[in-house]
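Q: Please take a close look at one part of this model, the helix packing near the start of the chain, and then place that part in the wider fold.

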Amino acid sequence: MVKNDIYTLYGLKHFEDKYKTLPSRTIIDNSINILNSSLRQILPDIQSNVFDCIGRVLSGHLEKYDKDLREKISREPFVDMAEQQIFNLILHESGERAIVSHSFWPYGKKFAVCLTHDVDEVKKTYQYLTFSLRYLKRRNLKAFRNQILSLFKKLGGKEPFWTFEEIMKLERELGVKSTFFFLNETAEVNLFDLKTWRHYGRRFDIRHEKIANLLKTLTSEGWEVGLHGSFFSFRDLDKLANELAILEEVIDGKVCGTRQHNLNLNIPETWRYHEKLGLFYDTTLGFNNCVGFRWGTSFPFYPLDSKLGRKLNLLEIPLVVEDIALFSYEKPWQEFLKMAERVERYGGVLTILWHHSVFNDLEFPRWGDTYKKMVRYCLNRDAWIATCCEIAKWWKKREKSKIEVKYLDSEILIQPLPKGEPHFLDIHTTNGAELEVKSGAEVVRRGEDRVTIFTTGEVKVRVVF
Ligand SMILES: [Zn+2]
């Protein structure tokens with residue numbers, strides 16, 4: 001029998017909200033066995049039941065582990081893996097009966113991709129010195145030479161970090177839109193403290209006409225402008241509130257969500273600030289030294305604030321791939337493929353962070369091309385590519401969608417609620433039966449063991465054995 005502690009209940013509720021179905025009593029009672037041997041090895045200190053494991057991991061349990069172990073564990077989204085296993089058990093239990101569930105993503109797409117750019121600076125400044133020294137130290141003379149070339153270009157009027165038009169052009173050609181998180185840094189700079197230099201180039205005025213015009217162009221053409229909380233804002237609510245107010249004033253609209261600069265997070269305090277400021281989502285939870293699933297999931301989720309004893313009203317969209325981290329691997333493309341394949345397997349969201357500055361091909365050769373290649377790859381794999389706000393809004397909409405299912409002899413009647421709203425549903429079969437949609441819906445994808453339909457009202461499906 002499963003104990004009713006806060007983590008088990010949260011884990012159960014998390015599963016229920018994600019799959020919109022509650023596991024049967026048999027599955028819950030056997031949930032200790034579902035925690036398979038590989039999970040037991042990964043989490044030696046969680047030995048109770050699978051829902052407790054999910055609940056704990058989605059509340060930050062892994063943060064207690066040392067860096068190497070965390071990086072090793074986060075290669076696989078094992079929360080997604082465990083939940084898929086539970087859902088497969090539900091399908092198995094249903095036997096002959098077809099099961100109707102809510103699609104994770106719209107339009108019959110198998111997984112989602114969220115494209116993001118953190119805008120830390122709009123002008124290159126101190127980096128001429130730090131980058132050049134770094135390349136000299138590594139004896140990378142070509143990169144050092146490119147720094148000099150870039151400086152000459154800048155003196156000739158071409159700002160190396162102003163890459164916005166190139167990104168917009170590229171994304172227009174690819175037919176995708178992304179989220180730009182804008183920083184408004186106010187941290188002090190001390191000439192004698194090297195660590196504070198990084199704030200210098202980042203102290204640009206977001207209200208400057210050129211930048212304000214850029215933000216308006218982005219938002220009016222369908223890109224999203226989000227808040228990139230400044231270096232110390234993760235522990236300073238007033239600072240963050242002020243930055244949010246300025247950004248909303250510049251774009252003359254609401255900001256939907258945020259990512260903290262440097263991925264700084266005080267968990268859960270920073271998220272409480274985000275919730276308090278009415279932000280819809282956060283996408284800070286990731287690594288900047290490796291790729292992977294920091295809390296074992298590629299799905300958006302509401303973190304549990306165990307001290308407050310409730311879920312936060314803030315959707316976390318985990319970050320999976322960051323450019324600098326990806327390029328620290330010997331074979332970046334192979335690493336990307338591993339992550340993309342895992343997200344596709346479990347149907348989650350692949351969140352990519354590609355800094356706008358790396359679209360400067362002279363200083364970051366092939367980084368922009370790699371971005372293009374990643375987007376093309378995901379489009380070919382039939383992913384839904386969206387901004388963070390679109391992902392968050394879809395997830396909220398999906399939460400509100402409900403279904404009533406009636407099983408007749410060889411027919412299923414599905415009544416989605418609210419009526420008149422668009423719903424994407426998956427009908428699963430485990431016994432090879434053919435599904436024939438008789439009325440009320442359009443088939444958007446037909447797979448081996450499931451049919452995905454789009455509907456706004458009552459649907460009649462015939463099951464042919
Ligand atoms: Zn940043």
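A: The contact between two helices is a good place to begin. Tyr7, Thr8, Tyr10, Gly11, Leu12, His14 and Phe15 of α1 meet Phe51, Asp52, Cys53, Ile54, Gly55 and Arg56 of α5. The model is a predicted one, and every value below is computed from it.

Two packed helices are described by the angle between their axes and the distance between the axes. Helix α1 covers residues 6–19, and its axis comes within 7 Å of the axis of α5, with a crossing angle of roughly 90 degrees. Angles of 65 to 115 degrees count as roughly perpendicular, so α1 is roughly perpendicular to α5.

Helix α5, residues 50–57, also packs against helix α7, residues 78–94. Here the angle is about 150 degrees and the axes are 10 Å apart. Angles over 145 degrees count as roughly antiparallel, which means that α5 is roughly antiparallel to α7. The crossing of α5 past α7 is left-handed. On the α5 side the contact is made by Val50, Cys53, Ile54 and Val57, and on the α7 side by Val79, Ala82, Glu83 and Ile86. Cys53 and Ile54 of α5 thus appear in the contact with α7 and also in the contact with α1.

Just past α1, lysine 20 sits in the loop between α1 and α2, the latter being residues 25–29. Lysine 20 is not a glycine, yet its phi is positive, at about 55 degrees. There are 16 other C-beta atoms within 10 Å of lysine 20, so this residue is partly exposed.

A second non-glycine residue with positive phi is aspartate 382, at about 65 degrees. Its place is the loop between α17 (367–380) and β12 (384–386). Aspartate 382 is partly exposed because 13 other C-beta atoms lie within 10 Å.

Now to the interior. The largest nonpolar core has 92 residues, and the members that touch the most others are Ala112, Val113, Val349 and Leu350. At least three residues of this core come from domain 1 (6–96), and at least three from domain 2 (112–124 + 159–394). A second core, separate from it, has 13 residues, among them Val100, Phe424, Ile453 and Val459. With neighbours within four places in sequence left aside, alanine 112 is in contact with Trp105, Val349, Ala383, Trp384, Ala386 and Ile391. One of these partners, Val349, is itself listed among the residues that touch the most other core members.

Strand β2 runs over residues 112–119 and contains valine 119. This valine has 24 other C-beta atoms within 10 Å; a residue with 20 or more is buried, and therefore valine 119 is buried. Its C-alpha atom is 5.0 Å from that of phenylalanine 182, although 63 residues separate the two along the chain. Beyond four places in sequence, the contacts of valine 119 are Phe180, Phe181, Phe182, Leu183, His228 and His356.

Phenylalanine 327 gives another view, from the loop between α15 (323–326) and α16 (332–346). It has 14 C-beta neighbours inside 10 Å and so counts as partly exposed. Not counting residues up to four places away in sequence, phenylalanine 327 touches Pro332 and Trp367. Between phenylalanine 327 and valine 291 the C-alpha to C-alpha distance is 9.9 Å, with their positions 36 residues apart in sequence.

The backbone also has cis peptide bonds. One runs from isoleucine 267 to proline 268, with omega near 5 degrees, and proline 268 is in the loop between β5 (257–260) and α14 (269–276). Another joins leucine 417 and proline 418, where omega is about -5 degrees. Proline 418 belongs to the loop between β14 (411–417) and β15 (423–428).

Finally, the chain as a whole. The secondary structure of the protein chain comprises 18 helices and 17 strands. Of its 465 residues, 41% are buried. Among contacts with a separation of 6 or more, 74% are between residues 24 or more positions apart.

Definitions and conventions
Residues numbered from 1 in each chain as written. Predicted model: local features only at pLDDT ≥ 70, side-chain atom pairs only at ≥ 80, totals over all residues. Core = buried A, V, L, I, M, F, W, Y, C linked by C-beta atoms within 7 Å. Buried ≥ 20, exposed ≤ 12 C-beta atoms within 10 Å, placed from the backbone. Domains from an automatic or database assignment. Contact = placed C-beta atoms within 7 Å. Axes fitted to C-alpha atoms, helices over the stretch in contact; angles between N-to-C directions. Helix = DSSP H or I, 4+ residues; strand = E, 2+ residues; numbered from the N terminus. Parallel < 35°, antiparallel > 145°, perpendicular 65-115°, else oblique. Left-handed = near helix turned anticlockwise from the far one by under 90°.
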